[in-house]
Each structure stands twice: as C-alpha cells, then as structure tokens.
Amino acid sequence: MGSGGSSSPMWPDLIQKAKDGGLDVIQTYVFWNGHEPSPGQYNFEGRYDLVQFIKLVKQAGLYVHLRIGPYVCAEWNFGGFPVWLKYVPGISFRTDNEPFKAAMEKFTTKIVDMMKSEALFESQGGPVILSQIENEFGPLEWDQGEPAKAYASWAANMAVGLNTGVPWVMCKEDDAPDPVINTCNGFYCDWFSPNKPYKPTMWTEAWTAWYTGFGTPVPHRPVEDLAFGVAKFIQKGGSFVNYYMYHGGTNFGRTAGGPFIATSYDYDAPIDEYGLLRQPKWGHLRDLHKAIKLCEPALVSGDPVVTSLGRSQQ
C-alpha cells in the first residue's frame, strides 16, 4: 500500500480494510518529486502528508515499512526523482557522483528527521519498524561496475549513519553490507536466502499481478497462485512478506511514469483501484494470514530438521 495513489480521505478506510485482511504492516514509498517539487520547497500537504498517513497507521495498531528510496521506480514519473535534479551541475544519477549523493543524503536526512521529530520510529515508540534505502539497484551494478558498487556501499552506510534505531533493507541488493538486510522482490521468493545466515529472510514485494500498460491486456494473477507462493515462502523460513500492491490506487495527473503506462495502478490488488475489496483475492489472503498466524508458535520456536529417507522412500 502507498500514500501516493489515493486521496487522503480514503486512508483510514483503506488501512482498516488492510487490518481486517490480516495485515500487520503497511509499506509505503516516499515520492521525492511530490515532496520537493522545487529545490528546498517542500510539500507535505493533502495526499503527500506522510506524517499524517503514518499516524493513521499507528492509530489502527499497525506497523510501517518506510521505503525512502529516494529512487523508488514504482512506475512513477522519473522514478520519483524531481525534474530539477536533472539540472544540478555535474550530476549523474545513482552512481558514485558527489552532486547526486549530496542531494540524496539531504532529502533522506530530511525525511528521517521528520520521522524522529514526530517520534515515529519504533525505537521511539512509533510504528516505523523498517526503512529502505535505494530500490532494486543490484541489477544495475552488473552493468555499471565499480562506480555502482561504491555508490551502493555509500548509500547503505549513509542510511545506517542516520541512527533511526530500526533496521534498513535494500531490495534486490545481494551485496548489501552489514547491518543492512538484502531482500527479495518477485512473483515467488521461496528460493531466496539473505547474504548472511543471521539476517531475516524478507520479501519486500510479493507481486499481486503487474502494472497496466496502454494497448496491453489488464494483468491478473490468480489468488491461489499468490497464496501458495506466500505459504511456501513462510514454510522455507520467511519472516516478512509485503504485497506489491495490496492497494495501488490511481497515479493522478502526470505522476504515472514510464512509456505507455496507464494512470490506473490497480495491480489486480486485494483492495482495488477504487478502494473496494476484490474478491475472492482479499478473502482468500485473509484466510491464509489466519492460518499462518495459527502456526506462529511452531514457526518461531525453532528451525525444522529435515531428514532424508533416501531417494526410493517417501
């Protein structure tokens, strides 16, 4: 779920529907171009009122995973970067580039300081239990080599240095340095293990379907397939699953980004574009969550020992 795709009067109802569906955590991106449309001119009003959104989640008794980015992709215009960033002298995005790193650190620090000033991190008694820096950067490292590796390491260390008191994650980032946790995004993640055995196994994006493009069929993912993927991930030792999307809403105005991507961000999600329950998806997942929680004492009390009886025995 996110605070970008639906208007703020809808938030309490959406959060309650998520809670009724068995969710514990609401995950949201932070959209830099929405919050800083001009350099130093900040916007946290209306549907960009991030603090209010997080406080509503807390009132509902749920937790928050705050994906600051500030590159977020998300089929959002310019991946969340403000257009003015392009015109900073000497800048090169998402690499070992001083002007970019300075701007990224300034905005990330701004968001973290806002959270701290409102006591919203769990370490302060607030609902934010996780934060994310960058977004699916790992694949780009293969293309860009050393400057990209240096940037990823810098981003991780910069985030940790902000001392939020809660863990940081990097998704699709196999070489995330300690103590940052690398996480999985995908249709299935039961194959995934973090890069150190003492890190929790986390699935930051379990894709409920896909985004809608112009001139292409509207994507659909059967809930039986999605639920099976989640159950298998938990069975294999997974400890955190986020649905991308549980509610996607609408990318209003010119916020939809990428070539030929529609303003609808429905995503075949359990709560549809208009904030209504999509059945049987919502109900099936609610029942899955109940079943998983019934198994919680066994799941968290120890690790299973699997004994092979040989190839010819079952």
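**Exercise 1.** In which helix is I292 found? Place the residue and describe its surroundings.

*Solution.* The model is predicted: local features need pLDDT of at least 70, side-chain atom pairs count only at pLDDT 80 or more, and totals for chains, interfaces and linings use all residues. Residues are numbered from 1 along each chain as its sequence is written, and side-chain values use heavy atoms, with hydrogens and water left out.

Step 1. I292 is found in helix α8. Helices (H or I, at least four residues) and strands (E, at least two) are DSSP runs, numbered from the N terminus.

Step 2. I292 counts as partly exposed, at 21% relative accessibility. The classes are buried (under 20% relative accessible area), exposed (over 50%) and partly exposed (in between), with a 1.4 Å probe and protein chains only.

Step 3. From I292 to Q235 the C-alpha distance is 9.4 Å, at a separation of 57 residues in sequence.

**Exercise 2.** Describe the largest pocket and the second largest pocket.

*Solution.* Step 1. A pocket is an open set of points on a 1 Å grid over the protein atoms alone, where a 1.4 Å probe fits, with protein on both sides within 12 Å along at least five of seven lines; lining residues have an atom within 4 Å of a point. Grid points are joined across faces, edges and corners, and a volume is the space filled by probe spheres set on the points.

Step 2. The largest pocket has a volume of about 1,100 Å³. Its lining holds 29 residues, and I234, G238, S239, F240 and I292 lie nearest its centre. Two or more lining residues come from each of α7 (223–235), β7 (240–244), α8 (281–294) and α9 (296–301).

Step 3. By class, the lining of the largest pocket has 15 nonpolar, 9 polar and 5 charged residues. Here Ala, Val, Leu, Ile, Met, Phe, Trp, Tyr, Cys and Pro count as nonpolar, Asp, Glu, Lys and Arg as charged, and the others, Gly among them, as polar.

Step 4. The second largest pocket contains about 250 Å³ of space. It is lined by 19 residues, with C73, A74, E75, E136 and Y211 closest to its centre. That lining divides into 12 nonpolar, 4 polar and 3 charged residues.

**Exercise 3.** Find the disulfide, then explain why C171 is too far from the closest cysteine sulfur for a bond.

*Solution.* Step 1. A disulfide is a pair of cysteine sulfur atoms within 2.5 Å. The whole structure has 1 disulfide.

Step 2. C184 and C189 are the partners, with an S to S distance of 2.1 Å. The link is left-handed, at -80° about the S-S bond. C184 is buried at 3% relative accessibility, and C189 is buried at 0%.

Step 3. C171 is too far for a bond because its sulfur is 9.5 Å from the closest cysteine sulfur, in C73. C171 is buried, at 1%.

**Exercise 4.** Analyse the aromatic pair of Y29 and Y244, then that of W191 and F192.

*Solution.* Step 1. Rings of Phe, Tyr and Trp (its six-membered ring) pair if their centres lie within 6.5 Å; planes under 30 degrees apart count as stacked, over 60 as edge-to-face and the rest as tilted. The search of the whole structure finds 26 aromatic pairs.

Step 2. Y29 and Y244 are edge-to-face, at 6.4 Å centre to centre and 70° between the planes. Y29 lies in strand β1 (residues 25–29) and Y244 in strand β7, so the pair ties together parts 215 residues apart in sequence. Both Y29 and Y244 are buried.

Step 3. The pair of W191 and F192 is edge-to-face because the ring centres are 5.8 Å apart and the planes are at 90°. W191 is exposed at 60%, whereas F192 is buried at 8%.

**Exercise 5.** Locate the cis peptide bonds from G69 to P70 and from Y244 to M245, and the positive phi values of C73 and Y267.

*Solution.* Step 1. Most residues other than glycine have a negative phi, and most peptide bonds are trans.

Step 2. The bond from G69 to P70 is cis, with omega near 0°. P70 lies in the loop between β2 (63–69) and α4 (98–117). C73, with phi near 60°, is found in the loop between β2 and α4. C73 is partly exposed, at 26%.

Step 3. The bond joining Y244 and M245 is cis, with omega about 0°. M245 is in the loop between β7 and α8. Y267, with phi of about 65°, is placed in the loop between β7 and α8. Y267 is buried, at 3%.
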